[in-house]
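Reader: Could you walk me through a few labels and how each one is earned? I like to see the value beside its cut-off.

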Amino acid sequence: KPHGASFTMEDRQQFVWQILPTDVEFGTDGGFYAADWTNGWERPNKGRIYRFFDEEVVKRPIVAATKILLAEGMEKRDGRELGTLLAHVDQRVRQEVQLELADRGEASIPVFTSAATGALKTGAGSIVMRHGLGRLHGIWGLGQLARKTPEAVKPLVALLSDADEEVRAQSAKVLGDAHFTGAYEGLVGLLKDGPPRAAFFAAQALGKIGNKAAVPAILDLLARNADKDAFIRHACFTALAAINDRPAVLAAATSENASVRLGVLETLRRWESPEAAKFLNDSEPKIVLEAARAIAGVPIDAARPALAAMIVNPALSDPVLRRAINANFREGHVENAQAIATFGANPKVADALRVEAIDALAEWEKPSIRDHVMGMISPLPEKTRNPKIAADAMKPLLAGIVANSGDSVRIAALGMAEKIGLEPLDSAYDLVADAKLSSEVRTAALKVLAAQNSPKLKAALKVGLLDGKSPALRREAIRLQTTQPEAVAKLDAILTGASPADQQAVFSALPLVGGVAADAILGAWMDKLLAGKVPAASTLDLLEAAARSKSDAVVAKVKQYDLHRKPEDNLSPWRECLEGGDAVAGRRIFFEKQEVSCVRCHMVGKEGGGNVGPNLVDLGKRQPRDYILESIVQPNAKIAAGFESAGVKLNDGKFLVGVVKNETETGFELDTGAEAGIVKIQKTDIKSRKPAPSPMPDDIAKPLTKQELRNLVEYLALLKG
């Protein structure tokens, strides 16, 4: 349905559910064909083609007649008949006719002109005038002929004032494509008083014609549009960019009208002009943001210093400040590093932005070729990135940041301190020893002590090992034992009577040390595992550590364990994933890992985006861990009540697919999709019913490592409502 310069969707419906259509076509038999990719990414080397049709529609005479028309082709038909067929109800016929007439060249100009102007008479009355589509094909046909005969579009100039709005719009479009200068006055008239869609095409056409006299009218349209119709705004600044009257555009940069200034800015973006930097100081915040986007996104290198200078104003919006940080990072001079460091140390700045600034300095020496803000590949100029620049800028500020900031900023600063040091270094030990701080901050401080080889590292490791309330700190303290003398003996001592969490850390650390002694420990614990004497929560870590061993004897014990898995147990390959996971990491997998997209089909309370599957808010209270694991690795083994899918063929020939809801002895409801709604079905109306596979793919767990799978199970198992 027409909506301003564009359209809006009306009566949107979900036509077919639970197939993967890669293409659709309308057949000449009245059917609708869809190619189905079956299992999708797995490429099963097979596919299906579905045909959908209405039994009554395919019997209509027009279907058979259209099929004959298309089969016979248009080459042998005279111009008068072809002109009549330009008004045919079927789009494919109209297109074939238009192409055939265009192939005949200048001889078709009268036919196309008659169709375009609505003067063509047909046997069925004024079909062309009533439907309008024949007129449009006449206009488009003249546009085709104008590629060789430019004067062919001259009759369209008069149509710029036609009563039919779409005729005016398409005439403007075709005249612009033909660069027909004789249409200038009519096109300017459409800018002033034409309907939105005609004004949209008129602006584009004026840009293609390139008459500089049109600039004031285009600027006036920008002002009147007032950013209400994005299509018109886009057409205006693309036209201004194409006309390329730089003095006139720059003169409008000081307009009191914000919509005009925004249009000028977008034009400058197209020109990649450094003049875009002027708008960084505009009174309208949205224009300031667009200026920052233009400079960072094109990019406009010559304007980047001006964007970098914006970092001194922390009151600007976050998107502008992120681009200012990145502009300084990409400029790469001493003063840029100092500006970023000062910004990162400013307590009045939002923590997320301070973290971004500190992380930028941490990456100074080896910057990614992917732009931080835009995400696109944007290599830095070939020049030496001296890490000392970032270190000199940040080092005097690190201690203050670490002492007086929120956790996320502290952690980022401590990450930087791992590389460049922290003065005084003893302050890192104070953080480790402060039990009131978060585990993440204390762990980051411990890493700093290890990286800087602090004399207090040994004492800090002892603090970490004795801390029973900070698992992350204990894990890092255990891992860092690998850097100490007699590491294997210390790790072995920790194993004796250790909790499963400590065992996990030790097993993960042993391969880092390696050697005969470490292999001996792993071999002895594999013997315990084969005897069933290792906690389930640390089994996975032991198996993975042993598999990494360079000892053939240890690896052989892993293979021996695998041989003991019970074939009749469908969860046997994954049982070590039942316990011992990290629920925080599991939550990130559920909500953020795109490869599994759990939130596409599920919700946890009010979080998430899907209702195809059950809400998992109390899953851990309702189901044991083995059920949770099975539902991930073998989703079709058991389907939650109220979410069984079924394909139902009714006695009247209709076929429905959906999720079964509220089933009773006499009937049930079938949820056929959010837009098609719920269909009530009586069992006496059913001819056949077959179970359909779970919407959850069989291989949903394939992208997950066993560690990730265990973490996901842990998260779901702890959901108690």
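Reader: Where is P299 placed, and what makes its neighbours helices?

Author: P299 sits in the loop between α14 (285–297) and α15 (304–308). Helices here are DSSP runs of H or I with at least four residues, numbered from the N terminus. A cis peptide bond joins V298 and P299, with omega about -10 degrees. This is a predicted model, in which local features need pLDDT of at least 70 and side-chain atom pairs count only at pLDDT 80 or more, while totals for chains, interfaces and linings use all residues. Residues are numbered from 1 along each chain as its sequence is written, and side-chain values use heavy atoms, with hydrogens and water left out.

Reader: Which residues does the other cis bond, with omega about -5 degrees, join?

Author: That bond joins E423 and P424, and P424 lies in the loop between α20 (407–420) and α21 (426–433).

Reader: Why is H179 called partly exposed?

Author: Buried means under 20% relative accessible area and exposed over 50%, with partly exposed in between (1.4 Å probe, protein chains only). H179 has 47% relative accessibility, so it counts as partly exposed. Its phi is near 55 degrees, a positive value in a residue other than glycine.

Reader: What makes α16 and α17 a contacting pair?

Author: Contact means heavy atoms within 4.5 Å. L321, I325, N328, F329 and E331 in α16 meet N336, A339, I340 and F343 in α17. These residues divide into six nonpolar, two polar and one charged; Ala, Val, Leu, Ile, Met, Phe, Trp, Tyr, Cys and Pro count as nonpolar, Asp, Glu, Lys and Arg as charged, and the others, Gly among them, as polar.

Definitions and conventions
Helices (H or I, at least four residues) and strands (E, at least two) are DSSP runs, numbered from the N terminus.
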